[in-house]
Amino acid sequence: MSWWGKAIGSGVGFMMGGPLGAIIGATFGHRIDQGLGGAGRLNIGDTERTQAAFFSATFSLMGYLAKADGKVSASEISMVEQVMSNMRLLPEQRKAAIALFNQGKKDDFPIADILDQFRRECHRRSNLLQMFLEILISTALADGVLHPAEKKALYYMAQQLGFNAAYVDQLINMVGAQQHYADDSHQASASIDDAYMVLGIDVSATDADMKRAYRRLMSQHHPDKLVSKGLPEEMIRLATKKTQEINAAYKQIKQSRKR
C-alpha cells in the first residue's frame, strides 16, 4: 500500500509523531482518529514515512513561503495549483494539499521544528532535499519577482537543510532559467545564457565539463532514483519534467557549439 493509503487507513500522522505528524493529523482530521484504535493500524516503513514527510512539508512550506512577503499572490496560488495538476492528484489528495498549504500560512506555523524533522525523515539525502528546495524556489519565482522576504526565507530553509546561501543562489538561477524550457511555447524564448544557467556552467566550460554537468544533473533528478529515496510517487512527474528541461538546455548548447 502507498503512503497515501496508509495515511487514510492507519493514522500515519500519529505514528510519525513530531510536528510533521501533527500537521498530517490536522489535515486528515477524523480519519486519523479512526486509525488510532488499533484494529486498522498498519506499520509504516521508512520509505513511506519519507514520502509522507515530503508531501506534507512541501505543501505546508509552499504556504509559508507564499506568505513570507506579507501576502499570497494569485500567481503563487496558480503555481500551487499547477504543481497539483502536474501531480494529477486525486480529489482527496488535492484537498489535503490545500489544507497543508493553508496550515503553512498560519502565524504560528512551527517552521524550525518542521524543517528539523523533515531533514531527519529524509535521512539527509541531498538529492531529495535539493528537489524539495527547487519546488519551493519555483513557488517563490511564480510571480516573476523574488521578494527579499522570500529570498530570506529560502536561505533560512536551505541552511536548516544543510545548504549554504551560495548554493541557494545557484539553484535560484537554475530554476529561473528552467522556466524557459517548461514547454514548447516557452522554449522559443530560451536564450543560450539560460541554457548555460540550467546546467550551472559558463560559456568557457569545455565540452567535457558540459557533459559532466549534464550527467550530474540528470542523475540528481532521475525520477526512479528520487522515488527510491522517498520522493512521493505522485511527484514523479515533477522530476520527469525537470529532466526534460535539463535535456532541452543541453541540446541547445550542443547545437550552439556546432555552429
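This dialogue walks through the helices, aromatic pairs and largest pocket of a predicted model.

Me: Before I read anything off this model, what cut-offs and numbering apply?

Reply: The model is predicted, so local features need pLDDT of at least 70 and side-chain atom pairs count only at pLDDT 80 or more, while totals for chains, interfaces and linings use all residues. Residues are numbered from 1 along each chain as its sequence is written, and side-chain values use heavy atoms, with hydrogens and water left out.

Me: How many helices and strands are there in the protein?

Reply: Helices (H or I, at least four residues) and strands (E, at least two) are DSSP runs, numbered from the N terminus. The protein has 16 helices and zero strands, and 48% of its 259 residues count as buried, where buried means under 20% relative accessible area, exposed over 50% and partly exposed in between, with a 1.4 Å probe and protein chains only.

Me: How should I read a pair of aromatic rings, and how many aromatic pairs does a search of the whole structure find?

Reply: A pair of aromatic rings is described by the distance of the centres and the angle of the planes. Rings of Phe, Tyr and Trp (its six-membered ring) pair if their centres lie within 6.5 Å, and planes under 30 degrees apart count as stacked, over 60 as edge-to-face and the rest as tilted. The search finds seven such pairs. One of them joins Phe 118 and Phe 132, whose centres are 4.4 Å apart with planes at 45°, so this pair is tilted. Because Phe 118 lies in helix α8 (residues 111-121) and Phe 132 in helix α9 (residues 126-140), the pair ties together parts that are 14 residues apart in sequence. Phe 118 and Phe 132 are both buried, and ring pairs link them with Phe 54 into a cluster.

Me: Are the rings of Phe 163 and Tyr 167 stacked or tilted, and why?

Reply: Their centres are 5.6 Å apart and their planes at 10°, so the pair is stacked. Phe 163 is buried, with a relative accessible area of 14%, whereas Tyr 167, at 24% relative accessibility, counts as partly exposed.

Me: Which residues lie nearest the centre of the largest pocket?

Reply: A pocket is an open set of points on a 1 Å grid over the protein atoms alone, where a 1.4 Å probe fits, with protein on both sides within 12 Å along at least five of seven lines; lining residues have an atom within 4 Å of a point. Here 21 residues line the largest pocket, and Met 79, Gln 82, Ser 138, Gln 179 and Lys 241 lie nearest its centre. α6 gives the most to this lining, with six residues.
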